[in-house]
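Trainee: Could you take me through one part of this model in close detail, and place that part within the whole chain before you begin?

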Amino acid sequence: MLIDGVEIFCEEDIYETVETDKNVLFSDFERRVLLYLIEGDTQSATQICQAEGVFVESVISAINEKSLDYFGDIILDTALKKIYDDYIEEVVELLHKEIK
C-alpha cells in the first residue's frame, strides 16, 4: 500500500506483488523469505515472518501458489521449509531478473 509515495506494508500486503510491475512474480517480502530458504536459513526466514506477524508456512503457501501458476508446480516443501533442488537454478535466475 502506498501512502504519500511511501510503501507501507500491512499483513495482506505481504503476499501481494506490486501491481504496476507485471514482470514481478513475488513480493519483496516473499523474495526475502525465499532467499533465506534457498540458503537453507529457515531460522532467519521464520524470524522475519514472525516480525511481520505471519507464519512462515503461510508465506511458503503463498509462494507455492504463485509458483504453481508460473512453473506448473510448487517449489517449496512446506514441512521441511526447503526449496526443491529441481527448482533452485530456475528460481535464482527468476529472482535475479525481478531484482534488476
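Mentor: The secondary structure of this predicted model comes to four helices and four strands, and from the N terminus on the elements follow one another as β-β-α-α-α-β-β-α. Of the 100 residues in the protein, 35% are buried, and among the contacts with a separation of 6 or more, 46% are accounted for by residues 24 or more positions apart. The protein exposes about 6,500 Å², of which carbon and sulfur atoms supply 50%.

The part to look at closely is the set of aromatic rings. A search of the whole structure finds two aromatic pairs. In one of them, Y70 and F71 are arranged edge-to-face, with 4.8 Å from centre to centre and 85° between the planes; the angle earns that name because planes over 60 degrees apart count as edge-to-face. In another, F71 and Y87 form a tilted pair, their centres lying 5.5 Å apart and their planes meeting at 55°. This pair links distant parts of the chain, since F71 belongs to helix 3 whereas Y87 sits in the loop between strand 4 and helix 4, 16 residues apart. Taken together, Y70, F71 and Y87 form one aromatic cluster.

The loop that carries Y87 also holds Y84, whose place is between strand 4 (82–83) and helix 4 (88–99). Y87 has a relative accessible area of 14% and is therefore buried, the limit for that term being under 20%. Y84, by contrast, has a relative accessible area of 34%, so that this residue counts as partly exposed. With L68 and I74, Y84 makes a nonpolar surface patch of about 240 Å².

Helix 3 (56–71) comes into the picture again through helix 2, because the buried residues of helix 2 pack against both helix 1 (28–38) and helix 3. In helix 2, which spans residues 42–51, the buried residues are S44, A45, I48 and C49. They are placed on the same side of helix 2 because they cover an arc of only 135° around the axis. On the other side of helix 2, Q43, Q50 and A51 are exposed. Helix 2 is followed by G53, a residue with a positive phi, near 80°.

Conventions: Residues numbered from 1 in each chain as written. Predicted model: local features only at pLDDT ≥ 70, side-chain atom pairs only at ≥ 80, totals over all residues. Heavy atoms only, no water. Buried < 20%, exposed > 50% of the residue type's maximum accessible area, 1.4 Å probe, protein only. Helix = DSSP H or I, 4+ residues; strand = E, 2+ residues; numbered from the N terminus. Arc of directions from axis to C-beta. Contact = heavy atoms within 4.5 Å. Patch = residues over 30% accessible without salt bridge, like charges linked within 9 Å, V, L, I, M, F, W, Y side chains within 5 Å. Areas by Shrake-Rupley, 256 points an atom, 1.4 Å probe, with all protein chains shown as cover. Salt bridge = Lys/Arg side-chain N within 4 Å of Asp/Glu carboxyl O. Phe/Tyr/Trp six-rings, centres within 6.5 Å; stacked < 30°, edge-to-face > 60°.
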